[in-house]
Amino acid sequence: MTDACIRSLVEAIHASPTQAVLYLSGGASQSLGWLMSVPGASNTVLETVAPYSRMSLIQLLGKIPSSYCSEQTAARMAVLAYNRALKLSKPGFPVLGVGFTGALASTRPKLGDHRYCELNSFPLPLHMQTANYLCDSLCLRLLLKILFSDVHRFHLSTRTSDRLLVSTVTLSKGLRTREEEDKVSSHYLLRGIANACKVPATSVSGLTESEKVTESEQQFSEEQELEQLLNGEICFKVYPFSSGLSNEERKVILSGSFNPLHDGHLKLLEIATSICGDGYPCFEISAVNADKPPLSVSQIKDRVKQFENVGKTVIVSNQPYFYKKAELFPGSAFVIGADTVARLINPKYYDGDYGKMLEILIGCKRTGCTFLVGGRNVDGVFKVLEDFDIPETLQDMFVPIPAEKFRMDISSTEIRKNQT
């Protein structure tokens with residue numbers, strides 16, 4: 001691709017609503033310069049990380065991979081990047097996770113452990129399996145490493161809500177310098193991002209006819225996405241039923257089971273958003289409950305349908321605890337009732353340890369989260385935020401919703417009882 005073509009493609013990527021996190025190791029470094037140097041980069045790029053050393057990549061993956069440069073590693077990096085993008089993206093915007101790992105031209109032989117394992121299983125002639133030929137055997141294996149281990153290859157994976165694509169490109173050895181191979185991989189990565197953003201992209205330039213490209217794709221149904229959420233592969237799923245996209249960075253979140261959703265929920269979130277002054281209002285359902293079995297896929301879909309009917313955005317997560325929700329939705333304002341405050345500041349729910357309670361809630365505060373508190377009945381008595389003794393270091397994290405603006409005496413539980 002020419003410089004003009006690259007710039008035109010990047011401009012089209014930045015004009016799309018997709019927001020991305022990129023994890024790149026071992027190549028494609030020039031793609032970052034192309035993406036960041038064109039105005040509008042902040043529309044697309046949420047975060048870039050280059051886990052270049054083995055230890056850095058191990059920490060990113062959370063384990064030692066069987067191969068540092070493989071389709072599996074690139075795919076895992078893409079899923080991790082996708083989850084990170086979910087946390088950092090503007091509410092309702094489509095997100096993209098990109099994983100890249102390469103073994104390009106180098107000044108030293110590439111004798112990675114994964115290639116050693118493959119070559120170590122190379123079948124030797126029967127007469128060489130005796131002790132007398134041990135030296136010859138070792139020499140042969142060393143020769144095979146030299147002949148076959150220096151493969152120049154890279155793997156690219158992109159993850160969107162409903163698709164995981166993994167590509168492998170094997171480059172001709174000795175054809176290019178390291179910088180030239182990096183440029184080829186950068187072209188390929190840019191094209192992959194464009195495709196994920198649904199931006200038309202020209203074919204990759206710079207590859208010869210003999211250079212091998214393989215691709216595999218998995219497409220996910222809504223049911224499969226929800227199964228991935230339940231098993232912890234993805235951290236949440238957004239249903240952006242509200243009309244249009246918002247430029248608000250902050251989410252105003254009302255969490256609950258919503259069994260059923262009622263007018264009190266809708267009014268409470270409306271009032272809370274007006275108190276914040278800004279923010280994108282959304283509801284949140286945790287598919288995993290601290291005290292009950294997780295919701296089934298069909299139960300999740302039934303509850304989500306309620307929000308589609310009223311045109312309100314809902315997020316389905318897999319975290320029942322607010323300190324974990326704070327990690328999923330950093331900088332958000334959570335709308336809660338006084339009954340929830342009573343539990344949040346009660347050491348009983350932290351193994352009776354006041355210090356542990358304080359440490360966890362201060363951790364929530366560090367994420368930039370706040371709690372908007374509405375009055376509720378607690379043990380038969382209507383209470384508001386001012387009725388609780390909030391630790392001094394946490395007081396600015398709790399904001400009252402005046403009772404004259406909103407008071408909700410009805411609950412989903414009472415509605416269910418009346419329905420029966």
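Two strands count as paired if DSSP finds at least two bridges between them. With that in hand, let's look at strand β11 in this predicted model.

β11 covers residues 333–337, and five of its five residues are buried. Ala333, Val335 and Gly337 point one way from the strand, while Phe334 and Ile336 point the other way. Both sets are buried.

Now for the neighbours. β11 has a parallel pairing with β8, and another parallel pairing with β12, as the table shows.

| Partner of β11 | Residues | Sense | Bridges |
|---|---|---|---|
| β8 | 251–255 | parallel | three |
| β12 | 370–374 | parallel | five |

Which residue in β12 is the bridge partner of Ile336? That is Val373. Over in the pairing with β8, Val335 of β11 has Leu254 standing opposite. So here is how those two β11 residues sit, given that buried means under 20% relative accessible area: Val335 and Ile336 are both buried, and they point opposite ways from the strand.

On to the cysteines. A disulfide is a covalent bond between the sulfur atoms of two cysteines. How many disulfides does the model have? The count is zero, with the cut-off being a pair of cysteine sulfur atoms within 2.5 Å. For Cys364, the nearest cysteine sulfur belongs to Cys369 and is 6.8 Å away, so Cys364 is in no disulfide under the 2.5 Å limit.

Is Cys364 buried or exposed? Cys364 is buried, because its relative accessibility is 1%. Cys197 is buried as well, because its relative accessible area is 7%.

Note on methods: Residues are numbered from 1 along each chain as its sequence is written. This is a predicted model: local features need pLDDT of at least 70, side-chain atom pairs count only at pLDDT 80 or more; totals for chains, interfaces and linings use all residues. Side-chain values use heavy atoms; hydrogens and water are left out. Buried means under 20% relative accessible area, exposed over 50%, partly exposed in between (1.4 Å probe, protein chains only). Helices (H or I, at least four residues) and strands (E, at least two) are DSSP runs, numbered from the N terminus.
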